[in-house]
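Got the structure open? Let's take a friendly walk through it, one topic at a time.

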Amino acid sequence: MKFELPQLPYKFDALEPYIDARTMEIHYSKHHATYVSKLNEALENYPELQEKSVEDLLKNLVAISETVRTAVRNHGGGHYNHSLFWQMLAPGGSKIKGKVLEFINNNFADFNSFKEIFTKTAVGHFGSGWAWLVLEKPGKLKITSTSNQDNPISKSETPILCLDVWEHAYYLKYQNRRAEYVDAWWNLVNWDFVEVLLS
Ligand code: MN
């Protein structure tokens with residue numbers, strides 16, 4: 001079975017003005033699509049790996065033959081991370097409430113402190129990568145970042161929120177101003193989906 005590009009849950013221009021339509025179009029139909037096709041290419045001669053979910057592959061990278069491990073890590077990671085990222089965005093965002101808010105307030109001083117640390121992590125990550133809020137263990141949240149297409153599930157952590165800080169995610173509109181992109185992104189977070197991941 002081949003891995004497939006999931007459908008984008010909204011139109012390319014739905015996240016304007018925070019993320020522009022052209023960036024979304026290239027990001028989804030070129031970057032994400034390429035991770036999917038390169039993953040399929042890499043696994044062409046590994047039918048037993050094609051049967052697994054991308055999550056299962058990433059959770060157990062050491063079990064994968066060294067000849068394709070790096071390809072799975074990079075392209076499988078790219079496929080998994082972007083699939084998650086699209087779902088964490090919604091046109092106009094959604095209001096943080098209920099269980100997620102309570103969880104964040106319990107793990108950080110308050111929502112604003114959480115936002116400040118997450119922003120700092122995303123803006124300060126050197127080079128290409130991702131900022132994450134993860135469940136480190138039951139009840140314990142942690143803010144972290146990964147390079148390239150690495151992700152927390154390979155370290156047995158559960159992603160709750162992620163932000164792509166590769167330049168391809170923002171360069172057309174924001175050029176080198178990553179901090180502006182991160183500020184804008186807060187307006188798009190789909191907290192309802194985050195809540196689903198927490199439960
Ligand atoms: Mn990306």
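What follows is a short tour in bullet points, grouped by topic. Keep in mind that this is a predicted model. Along the way we'll visit a manganese ion and its protein donors, a nonpolar core of 64 residues, a pair of packed helices and a few spots with unusual backbone geometry, such as a cis peptide bond.

**The manganese site**

- Start at the metal: the manganese ion has His27, His82, Asp164 and His168 as its protein donors.
- The three histidines each offer their NE2 atom, while Asp164 uses OD, and the donors sit 1.9 to 2.1 Å from the ion.
- Read along the sequence, the spacing of these donor residues is H-x54-H-x81-D-x3-H.
- Histidine 27 and histidine 82 link distant parts of the chain, being 55 residues apart.
- Histidine 27 belongs to helix 1 (residues 21–42), and histidine 82 to helix 4 (residues 66–87).
- Are these two histidines buried or exposed? Both histidine 27 and histidine 82 are buried.

**Glycine 129, a neighbour of a donor**

- Glycine 129 is part of strand 1, which covers residues 129–137.
- With a relative accessible area of 0%, glycine 129 falls under the 20% cut-off, so it counts as buried.
- Along the chain, glycine 129 and aspartate 164 are 35 residues apart, yet their C-alpha atoms are separated by 6.4 Å.
- Setting aside neighbours within four places in sequence, glycine 129 touches Thr146, Ser147, Asn148, Leu163, Asp164, Val165 and Trp166.

**The nonpolar core**

- The largest nonpolar core holds 64 residues.
- Which residues have the most contacts inside it? They are Ile104, Phe114, Phe118, Leu133, Leu161, Leu163 and Trp191.
- Let's zoom in on isoleucine 104: beyond its neighbours within four places in sequence, it is in contact with Ile96, Phe111, Phe114, Leu133, Leu141 and Trp191.
- Lysine 115 is eleven residues from isoleucine 104 along the chain, with 9.8 Å between their C-alpha atoms.
- You'll find lysine 115 in helix 6 (residues 111–124), and its 30% relative accessibility makes it partly exposed.

**How helix 5 meets helix 9**

- Two packed helices are described by the angle between their axes and the distance between the axes.
- Here, helix 5 (residues 98–107) packs against helix 9 (residues 191–198) at about 75°, and the axes are 8 Å apart.
- Angles of 65 to 115 degrees count as roughly perpendicular, so that is the word for helix 5 and helix 9.
- Helix 5 brings Lys99, Val100, Phe103 and Ile104 to the contact, and helix 9 brings Trp191, Val194, Glu195 and Leu198.
- Sorted by class, the contact of helix 5 with helix 9 has six nonpolar residues, two charged ones and no polar ones.

**Backbone oddities**

- Most residues other than glycine have a negative phi, and most peptide bonds are trans.
- The peptide bond from glutamate 16 to proline 17 is cis, with its omega near 0°. Proline 17 sits in the segment before helix 1.
- Asparagine 148 isn't a glycine, but has a positive phi of about 55°.
- Where is asparagine 148? Look in the loop between strand 2 (140–147) and strand 3 (158–164).
- Asparagine 148 counts as partly exposed because its relative accessibility is 41%.
- Glutamine 175 also has a positive phi, near 50°. This residue is in the loop between helix 7 (171–174) and helix 8 (178–185), and at 29% relative accessibility it is partly exposed.

**Charged residues, inside and out**

- Lysine 2 lies in the segment before helix 1. Its relative accessibility is 56%, which means that it counts as exposed.
- Lysine 2 and glutamate 41 are 39 residues apart in sequence, with 9.4 Å from C-alpha to C-alpha.
- Glutamate 157, in the loop between strand 2 and strand 3, is buried, with a relative accessible area of 9%.
- Outside its neighbours within four places in sequence, glutamate 157 contacts Val134, Leu135, Glu136, Lys142 and Pro152.
- Arginine 69 has its place in helix 4 and is partly exposed at 27% relative accessibility.
- Leaving out neighbours within four places in sequence, arginine 69 is in contact with Leu61, Val62 and Ile64.
- Arginine 69 and glutamate 16 are 53 residues apart in sequence and 37 Å apart in space, C-alpha to C-alpha.

Definitions and conventions
Residues are numbered from 1 along each chain as its sequence is written. This is a predicted model: local features need pLDDT of at least 70, side-chain atom pairs count only at pLDDT 80 or more; totals for chains, interfaces and linings use all residues. Side-chain values use heavy atoms; hydrogens and water are left out. Donors are N, O and S atoms within 2.8 Å of the metal (3.2 Å for Na, K and Ca); water is not among the atoms, so sites may look incomplete. Helices (H or I, at least four residues) and strands (E, at least two) are DSSP runs, numbered from the N terminus. Buried means under 20% relative accessible area, exposed over 50%, partly exposed in between (1.4 Å probe, protein chains only). A nonpolar core is a set of buried Ala, Val, Leu, Ile, Met, Phe, Trp, Tyr and Cys residues joined through side-chain atoms within 4.5 Å. Contact means heavy atoms within 4.5 Å. Axes are lines fitted to C-alpha atoms, for helices over the stretch in contact, and angles run from 0 to 180 degrees between N-to-C directions. Angles under 35 degrees count as roughly parallel, over 145 as roughly antiparallel, 65 to 115 as roughly perpendicular and the rest as oblique. Ala, Val, Leu, Ile, Met, Phe, Trp, Tyr, Cys and Pro count as nonpolar, Asp, Glu, Lys and Arg as charged, and the others, Gly among them, as polar.
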